[in-house]
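Welcome! Work through the exercises below at your own pace, and try each task before reading its solution.

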Amino acid sequence: RISNYPLKVNMSKQSVPARSQELRRVSGELFSLTYGALVAQLVKDYESDDEINKQLDKMGYNIGIRLVEDFLSRSGQNRCHDLKEAAEVLTKVQLEVEVAFIQDTLKGDDASEIRVKFIKKLEDAVPAGDD
């Protein structure tokens, strides 16, 4: 039941960081509820765990494609043609990310695949020694 999550917030009496924290909490809870409902529906629709995981993987891939398209349209950045170019774009955006190779053709896999996990956006700052 959603009523277990009281969302009464008096925005006028909270500081900006407190409002931001409250919105993150609400957004996180909404995401959890939505994702839970989605997975529950997939469990009802498909019998096999493998088929459920395939559907989740396909949805995740499509969401990733949309996020990249949104980033490209907002930043004016051109499409990347290889992993090196993608890495250069990520460094310009100033994001802290974790990167892991999932598959690598140099190790005999059929394709190269990397997984990028967003950690946080880095604030504009002058690097040490450049002031």
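Strands here are DSSP runs of E with at least two residues, numbered from the N terminus. Keep in mind that this is a predicted model.

**Exercise 1.** Find the strand that holds V99, then work out how the elements are ordered along the chain.

*Solution.* Start with the residue: V99 sits in strand β1. Next, take stock of the whole chain, which has three helices and two strands. Reading from the N terminus, their order is α-α-α-β-β.

**Exercise 2.** Identify the residues of the nonpolar surface patch and the strands that supply them.

*Solution.* First, list the members: L83, V99, F101, I114 and V116. Together they offer about 430 Å² of accessible area. Then turn to the strands: β1 (95-103) and β2 (113-121) each contribute at least two residues to this patch.

**Exercise 3.** Describe the largest pocket: its space, its centre and its lining.

*Solution.* Begin with the space, about 1,800 Å³. The lining counts 36 residues, and those nearest the centre are G64, I65, L67, V68 and V116. Two or more lining residues come from each of α1 (16-45), α2 (49-75), α3 (83-93), β1 and β2. Of these, α2 gives the largest share, with 15 residues. Notice a familiar name: V116 belongs to the nonpolar patch and also lies among the residues nearest the pocket's centre.

**Exercise 4.** What percentage of the chain's residues count as buried, and how much of its accessible surface belongs to carbon and sulfur atoms?

*Solution.* Buried means under 20% relative accessible area. By that cut-off, 6% of the 131 residues are buried. The accessible surface totals about 11,500 Å², with 54% belonging to carbon and sulfur atoms.

Note on methods. Residues are numbered from 1 along each chain as its sequence is written. This is a predicted model: local features need pLDDT of at least 70, side-chain atom pairs count only at pLDDT 80 or more; totals for chains, interfaces and linings use all residues. Side-chain values use heavy atoms; hydrogens and water are left out. Patches are made of residues with over 30% relative accessible area and no salt bridge: like charges are joined within 9 Å, nonpolar side chains (Val, Leu, Ile, Met, Phe, Trp, Tyr) within 5 Å. Accessible areas come from the Shrake-Rupley method with a 1.4 Å probe; for residues, only the protein chains shown count as cover. A salt bridge is a side-chain nitrogen of Lys or Arg within 4 Å of a carboxyl oxygen of Asp or Glu. Helices (H or I, at least four residues) and strands (E, at least two) are DSSP runs, numbered from the N terminus. Buried means under 20% relative accessible area, exposed over 50%, partly exposed in between (1.4 Å probe, protein chains only). On a 1 Å grid over the protein atoms alone, a cavity is a set of points where a 1.4 Å probe fits but cannot get out, and a pocket is an open set with protein on both sides within 12 Å along at least five of seven lines; lining residues have an atom within 4 Å of a point. Grid points are joined across faces, edges and corners, and a volume is the space filled by probe spheres set on the points.
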